[in-house]
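User: Please take a close look at one part of this model for me. I would like to know how its helices pack, and what the residues there are doing.

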Amino acid sequence: GKWILSGSKCYITNGCNADVVIVAARTGRVGEKAAHGLSLFLVDSGTPNFTKSKPLKKMGQHSSDTGELFFDRCELPESALLGELNRGFYYLMAELPQERLMIGGLAIAAAEAGFEAARRWCKDRAAFGKTLADLQVVRHKMAELKTELAVGRTFLDKCVELHLHGKLDSATASMAKYWLTELQGRALDLAVQLHGGAGYAWEYDVCRGYADARVQRIYGGANEVMKELIGRTIF
């Protein structure tokens with residue numbers, strides 16, 4: 001027996017460079033709920049009729065490619081099925097908390113790096129006869145951010161502890177992903193602002209960090225979706 005795979009996938013990170021991709025495809029009956037009719041398949045990049053787009057030109061995260069994948073009646077062997085038939089959705093759901101925790105970890109680390117870059121800049125940058133660090137408004141802005149980072153780091157550490165004990169649920173992971181990526185955006189925005197014109201120049205880390213941060217609120221489930229998942233546990 002064999003499988004025939006048709007369709008396309010958009011905005012796939014590392015899709016252009018990947019040698020093998022895992023594809024979630026509909027295998028259930030027509031009219032069946034999507035959650036009960038998805039299966040996972042391993043597809044080698046050399047499979048006939050499997051093609052890829054050129055890497056998309058992105059705002060940030062240039063170290064990894066993002067592309068589109070196209071499957072035009074690709075013939076797959078029976079062995080290409082990963083796991084059990086029609087269980088793909090459940091496999092994916094089981095790993096989502098870890099993915100969202102990972103995104104939260106990236107977010108807090110990037111936010112802390114942005115804070116440190118801004119701190120160093122403000123200590124050295126002169127304005128109005130003194131350094132930026134001597135200005136009360138700057139110190140207060142940085143104090144607010146430092147406090148948020150401390151709270152965010154503590155929450156992330158708690159989520160890691162829960163995950164290590166197999167107790168990190170979907171809603172808590174969604175909180176981490178939502179809150180920490182929003183914090184990353186605020187932190188890099190402040191870092192750019194404090195750098196002034198230099199913050200808008202690609203040669204500075206804070207500029208590249210700002211561009212990289214934006215997609216964090218989109219992939220792994222948009223933050224609006226995270227709020228919906230959290231909200232379902234409230235009422």
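Analyst: What follows is a walk around helix α1 and its neighbours, then the cysteines and two loop residues. Keep in mind that this is a predicted model.

Start with the pair α1 and α2. Helix α1 spans residues 88–124, and helix α2 spans residues 136–164. Their axes lie 10 Å apart, and the two helices pack at an angle of about 155°. An angle over 145° counts as roughly antiparallel, so that is how α1 and α2 run relative to each other. The crossing of α1 past α2 is left-handed.

Which residues make this contact? On the α1 side they include Gln98, Leu101, Gly104, Gly105 and Ile108. Further along α1, Phe115, Ala118, Arg119 and Cys122 also take part. The α2 side includes Val138, Met142, Leu145, Lys146 and Leu149. Arg153, Leu156, Cys159 and His163 are also among the α2 residues that meet α1.

Helix α1 has another neighbour, helix α5, residues 223–231. Here Asn223, Met226 and Ile230 are buried. These residues sit on the same side of α5, because they cover an arc of only 45° around its axis. The helix repeat explains such a pattern: with 3.6 residues a turn, residues three or four places apart point the same way. The buried residues of α5 pack against α1 and also against α3, residues 170–195.

Now back to Cys122, one of the α1 residues that meet α2. Is Cys122 buried or exposed? Cys122 counts as buried, because its relative accessibility is 4%. The structure holds zero disulfides. Cys122 is in none, and the nearest cysteine sulfur, in Cys207, is 17 Å away. A disulfide would need the two sulfur atoms within 2.5 Å. Cys16 tells a similar story: its closest cysteine sulfur is in Cys10, 12 Å away, which is too far for a bond. Cys16 is buried as well, at a relative accessible area of 18%.

Finally, look at the backbone in two loops. Asn86 lies in the loop between β6 (81–82) and α1. Its phi is positive, near 65°, although Asn86 is a residue other than glycine. Gln61 is not a glycine either, and has a positive phi of about 50°. Gln61 lies in the loop between β4 (50–52) and β5 (66–77). Gln61 counts as partly exposed, because its relative accessibility is 21%.

Note on methods:
Residues are numbered from 1 along each chain as its sequence is written. This is a predicted model: local features need pLDDT of at least 70, side-chain atom pairs count only at pLDDT 80 or more; totals for chains, interfaces and linings use all residues. Side-chain values use heavy atoms; hydrogens and water are left out. Buried means under 20% relative accessible area, exposed over 50%, partly exposed in between (1.4 Å probe, protein chains only). Helices (H or I, at least four residues) and strands (E, at least two) are DSSP runs, numbered from the N terminus. The arc is that of the directions from the helix axis to the C-beta atoms. Contact means heavy atoms within 4.5 Å. Axes are lines fitted to C-alpha atoms, for helices over the stretch in contact, and angles run from 0 to 180 degrees between N-to-C directions. Angles under 35 degrees count as roughly parallel, over 145 as roughly antiparallel, 65 to 115 as roughly perpendicular and the rest as oblique. A crossing is left-handed if the near helix is turned anticlockwise from the far one by less than a right angle, and right-handed if clockwise.
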